[in-house]
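Notebook open, structure on screen. Today I want to look at pockets and then at one sheet.

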Amino acid sequence: MMMIGLSQQQVLRRALDITANNIANVSTAGFKAEQLLVEADPWTRARAEDGPPQLNYVAEWGMGRDFSQGTLEQTGRPLDLAITGEGFFVLDTPQGERFTRDGRFSMDAGGTLIAQDGARVLDEGGAPITIDPEAGPVAISSTGELAQNGVPVGRVAVMRFDEPGVLSKTGENRYTAPNDAARELVMGDSVRQGFIESSNVRPIMEITSMMEVSRAYASVTRMLQQADELSRKAIERLGRPG
């Protein structure tokens, strides 16, 4: 009983951390809400004179992410981009290729399109996108094509994965994917210039979830305290001389 309760406490604490992280990122562009997935972990008792012969512990099975569309917010900044529908922007970072829904881009001194930390935004061919600072304003079409004065200068890559669940979070609101993950470039209308996608976290639901997890954790704590007290009293009685 004690070990089952402890396993549940560990899972509840992890769930609380995830919920708190969701709430902390309610204003993070392109953030996708996460949820802990749990499962029963059955174990057969080595010896069971009373009680159930099999015990079910609580175990963390994985992480679920809600990749649904967040609300688009108009910023008016010409290099801010948002994706409608499926897909991710592709970034070149020191750690390798990364994928994100955060389209708060800008231009460095050399005219390269970059993310907020300097990671380069890649085009459909996997190359950085260079803009001429002297060639006038940048127009970006719904298919991700960039043009200056009507002259094409590149196309922002939007990568779609057949199974988004294969993506692993790497921090900075970015993901990495296995090399063999099925993917394809999105060729249709999916890019909005002058917009960013807001987080899809629903604060009320997350706060409600945090309250439920906190109550469950407190309940398990009381159960463990009561079980410990019963064990202590049983040992005291058994230790008394007859």
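How many nonpolar, polar and charged residues are in the lining of the largest pocket? I looked it up by class and got nine nonpolar, six polar and five charged ones. Note to self: this is a predicted model.

Next I checked the volume of that largest pocket, which is about 440 Å³. Its lining is made of 20 residues. Nearest the centre I found Asn22, Glu34, Gln35, Glu206 and Ser209. Then I asked which elements give two or more residues to this lining, and they are α1 (2-24), β1 (34-44), β2 (54-65) and α2 (203-239). The most comes from α1, which gives six residues.

On to the second largest pocket. Its volume comes out at about 170 Å³, and 13 residues line it. Asp102, Arg104, Gln116, Glu172 and Arg174 are the ones closest to its centre. Sorted by class, this lining has three nonpolar, five polar and five charged residues.

Last stop, the sheet. I found three strands in an open sheet, ordered β10-β11-β12, with antiparallel pairing. Why do β10 (138-140) and β12 (151-155) each have one side without a neighbour in the sheet? They stand at the edges and each has a single partner strand, so nothing in the sheet sits on that other side. I also noted the angle: neighbouring strands here are turned by 30° against each other on average, ignoring direction.

Zooming in on one pair, I saw that three bridges join β10 to β11 (residues 145-148). One I traced goes from Ala139 to its bridge partner Ala147 in β11.

Conventions. Residues numbered from 1 in each chain as written. Predicted model: local features only at pLDDT ≥ 70, side-chain atom pairs only at ≥ 80, totals over all residues. Heavy atoms only, no water. 1 Å grid on protein atoms, 1.4 Å probe; cavity = no way out; pocket = protein on both sides within 12 Å on 5 of 7 lines; lining within 4 Å. Points joined across faces, edges and corners; volume = space filled by probe spheres on them. Helix = DSSP H or I, 4+ residues; strand = E, 2+ residues; numbered from the N terminus. Nonpolar A, V, L, I, M, F, W, Y, C, P; charged D, E, K, R; others polar. Pairing = 2+ DSSP bridges. Axes fitted to C-alpha atoms, helices over the stretch in contact; angles between N-to-C directions.
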